[in-house]
Amino acid sequence: MVTLIGTETPAYVPAASGATATLVDLAESTVRDLNQALHEPHVQGEWTVTNSDGKHSIAVGIDAPVSVTIEGHVGYYAAGMHQKGDVIIRGNAGVGLAENIMSGTVHVTGDASQSAAATGHGGLVVIDGNAGARCGISMKGVDIVVGGSIGHMSAFMAQAGRLVVCGDAGDALGDSIYEARIYVKGTVASLGADCVEKPMGGEHLEELGQLLAAAGRTEQPSEFKRYGSARNLYHFHVDNSTAY
Amino acid sequence: MTVTSLPHDAALSARHPGELGLRESATFDRATIADIQRAAATGVYDIRGWGAKRSVPHFDDLLFLGASMSRYPLEGYRERCDTDIVLGDRHASKPLHLQTPVTIAGMSFGALSANAKEALGRGASEVGTSTTTGDGGMTPEERGQSKHLVYQYLPSRYGMNPDDLRKADAIEIVLGQGAKPGGGGMLLGQKITERVAGMRTLPVGIDQRSASRHPDWTGPDDLEIKIGELREITDWKKPIYVKVGASRPYYDTALAVKSGADVIVVDGMQGGTAATQQVFIENVGIPTLAAIPQAVQALQELGVHRKVQLIVSGGIRTGADVAKAMALGADAVAIGTAALIALGDNDPRYAAEYAALGSAAGYYDDFQDGRDPAGISTQDPELSSRLDPVAGGRRIANYLRVLTMEAQTIARACGKSHLRNLEPEDLVALTIEAAAMARVPLAGTSWIPGAR
Ligand SMILES: Cc1cc2nc3c(=O)[nH]c(=O)nc-3n(C[C@H](O)[C@H](O)[C@H](O)COP(=O)(O)O)c2cc1C
């Protein structure tokens with residue numbers, strides 16, 4: 001059972017609009033209780049989670065128009081497979097933040113560890129700080145905006161979606177990338193196999209402007225460079241053997 | 001593979017080379033020569049389907065002892081020999097209860113046609129067993145036709161989504177496959193049609209190579225957290241399997257148990273694949289026979305044999321194979337290649353078409369190529385329409401029933417009232433190699449090579 005503080009209604013009963021946030025203290029309740037409550041049918045409203053203490057799998061599998069604020073650091077897979085709602089983490093996030101996100105938003109005010117938004121199919125992930133290695137690995141449609149820098153092997157095999165980096169990118173950016181688009185403001189340590197710099201067209205400046213605005217950033221689209229697939233590895237070919 | 005050498009002179013080849021006193025090299029046999037010629041002609045390694053074709057110690061090298069003075073057989077038909085199994089009751093609130101221990105292995109839509117997937121689902125459901133998705137997501141057809149559907153969670157995560165996760169009856173985290181432990185998926189352009197590409201979020205017609213490592217975890221400590229996440233997302237309802245290619249099954253099994261898996265799937269090196277480099281298929285991994293005792297030993301040492309169930313795959317063809325795998329300690333088996341054969345793969349009735357593709361019935365392994373005359377490993381609408389999913393489902397159900405009845409026949413002969421009661425003591429080995437690998441005595445002796 002979720003222990004409730006600050007509201008009389010049980011956590012799994014939809015809070016009427018305008019009601020105060022449902023407060024879940026993870027020093028009192030377990031992550032299991034929290035997730036179960038968030039999975040109850042027709043769940044909605046504002047939720048605040050305290051004492052997250054780097055616990056794993058917080059607020060995973062949300063599939064409802066809820067708004068969850070986590071006051072503190074989270075461990076692995078926070079907001080994993082997220083759908084529809086909005087999750088804000090006021091702290092740092094561990095490995096696999098918002099992995100395989102489908103829709104909705106996940107916003108981290110601090111840094112995120114490796115594999116942030118890995119394999120995400122949709123939605124928006126905003127990281128105000130830096131992200132570690134493999135940010136956006138195998139991304140399949142998610143949009144990612146990182147305020148700081150990202151680590152090596154980011155956007156590895158990125159299939160679709162957009163990755164925006166306001167700082168620098170580490171080695172092997174976009175290795176074996178498919179159709180995802182990458183925008184980096186700072187320097188790129190090195191590009192991975194088949195990833196190349198591409199010209200910025202009007203449509204790119206426009207989509208980048210929208211992504212920056214959605215993430216609450218003040219950078220200008222014209223300050224960024226675009227990277228994407230040269231599409232040379234799309235077919236097996238004898239001349240590419242060194243890249244396999 | 002497809003032969004690339006030039007057609008040779010008809011008159012010279014009329015007489016069998018052996019009659020001319022010609023000697024074929026054991027080292028450079030004709031298949032090896034063709035491989036070298038193919039490599040020289042194309043500059044790209046050979047990619048093919050099927051599993052290892054080399055001969056390795058296998059279930060054929062084991063025999064059952066049957067009943068004798070000291071063991072009573074059960075009367076066929078009159079005395080019961082049950083076959084049902086429960087999978088995943090360690091942590092899942094909704095374990096699977098199957099009527100036969102023969103399950104259908106994971107094979108992707110993409111590798112297989114939609115009709116083939118539907119036929120597998122229909123056949124499995126008819127006999128009360130499970131079928132499995134693959135490296136390409138879950139199709140509505142297979143979900144609709146499968147009573148028990150296992151949803152694979154692979155490194156590529158193609159089509160992975162929480163809605164399908166919640167629709168699944170079990171989740172199988174795939175670390176590896178027996179045909180290619182350590183290798184990622186492959187699907188060549190001919191098979192990346194609009195529908196397949198859409199499900200995988202890939203451009204139509206590309207040669208897909210997918211990741212061999214999971215994108216967001218590495219090693220057993222991470223896997224434990226990953227399993228925890230999947231359980232949280234599905235509210236601890238679904239059994240979670242971990243599938244490994246047989247390479248270090250003792251350690252992999254122990255680590256999977258420690259990571260919290262409900263079920264371990266061990267796939268031997270003979271296991272089939274849709275598309276992998278031939279060099280990988282033939283040279284990486286260990287035989288199914290060698291893998292089972294190692295996995296069972298790990299489960300026994302941890303005190304979880306039968307609590308964490310073991311599914312074995314890789315070269316299961318007959319009810320005898322099913323019974324032997326179970327006698328060595330497996331709880332269930334999975335079939336891939338044999339199910340495709342039951343659907344019509346390599347049927348001599350397509351002999352002329354196989355010949356036109358440079359292959360022959362009994363040899364066809366170009367699952368990567370998408371031109372399967374039997375309509376199974378293809379996305380071509382004309383070819384796949386040759387496979388009627390209802391008739392195919394009936395063939396699968398027939399075959400699964402035969403496997404089950406054959407296994408029961410052997411179990412009754414050994415005096416066992418449930419397939420699960422078969423034990424290593426019921427077995428002997430025909431060769432020293434098989435005795436050492438399966439850890440049962442060489443027939444007529446009490447010798448288990450390597451036993452302490
Ligand atoms: C056409 C085909 C496609 C396959 N696709 C997958 C897959 O997507 N994921 C997977 O884990 N294994 C896949 N496998 C391997 C099977 O799940 C299974 O491990 C193997 O077929 C068992 O060995 P057997 O073919 O000797 O029965 C595939 C096998 C075949 C023949």
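**Exercise 1.** How far does a backbone N or O atom of B:G315 lie from an oxygen atom of the ligand? Place this contact in its surroundings.

*Solution.* The structure is a predicted model.

Step 1. Between a backbone N or O atom of B:G315 and an oxygen atom of the ligand, the distance is 2.6 Å.

Step 2. Two further glycines are examined in the same manner. A polar backbone atom of B:G106 is 2.7 Å from an oxygen atom of the ligand, and for a backbone N or O atom of B:G314 the distance to a ligand oxygen atom is 3.4 Å. Each of these pairs falls within the 3.5 Å that defines a polar contact.

Step 3. The cover provided by the protein is then considered. The ligand taken alone exposes 610 Å², of which the protein buries 97%.

**Exercise 2.** Describe the shell of residues around the ligand.

*Solution.*

Step 1. The ligand is surrounded by 24 residues. B:G106, B:D267, B:G315, B:G336 and B:T337 are the closest.

Step 2. Sorted by character, the shell comprises 14 polar, seven nonpolar and three charged residues.

Step 3. In chain B, strand 13 (273-277) and helix 11 (337-343) each contribute at least two residues to this shell.

**Exercise 3.** Determine how helix 10 and helix 14 of chain B are arranged relative to each other.

*Solution.*

Step 1. The axes of helix 10 (residues 319-327) and helix 14 (residues 389-413) of chain B come within 7 Å. These axes cross at roughly 55°.

Step 2. The two helices of chain B, helix 10 and helix 14, are therefore oblique to each other.

Step 3. The crossing of helix 10 and helix 14 of chain B is right-handed.

Definitions and conventions: Residues numbered from 1 in each chain as written. Chains lettered and ligands numbered in written order. Predicted model: local features only at pLDDT ≥ 70, side-chain atom pairs only at ≥ 80, totals over all residues. Heavy atoms only, no water. Near = heavy atom within 4 Å. Polar contact = N/O pair within 3.5 Å; in protein donor to acceptor, adjacent residues only side chain to side chain. Areas by Shrake-Rupley, 256 points an atom, 1.4 Å probe, with all protein chains shown as cover. Helix = DSSP H or I, 4+ residues; strand = E, 2+ residues; numbered from the N terminus. Nonpolar A, V, L, I, M, F, W, Y, C, P; charged D, E, K, R; others polar. Axes fitted to C-alpha atoms, helices over the stretch in contact; angles between N-to-C directions. Parallel < 35°, antiparallel > 145°, perpendicular 65-115°, else oblique. Left-handed = near helix turned anticlockwise from the far one by under 90°.
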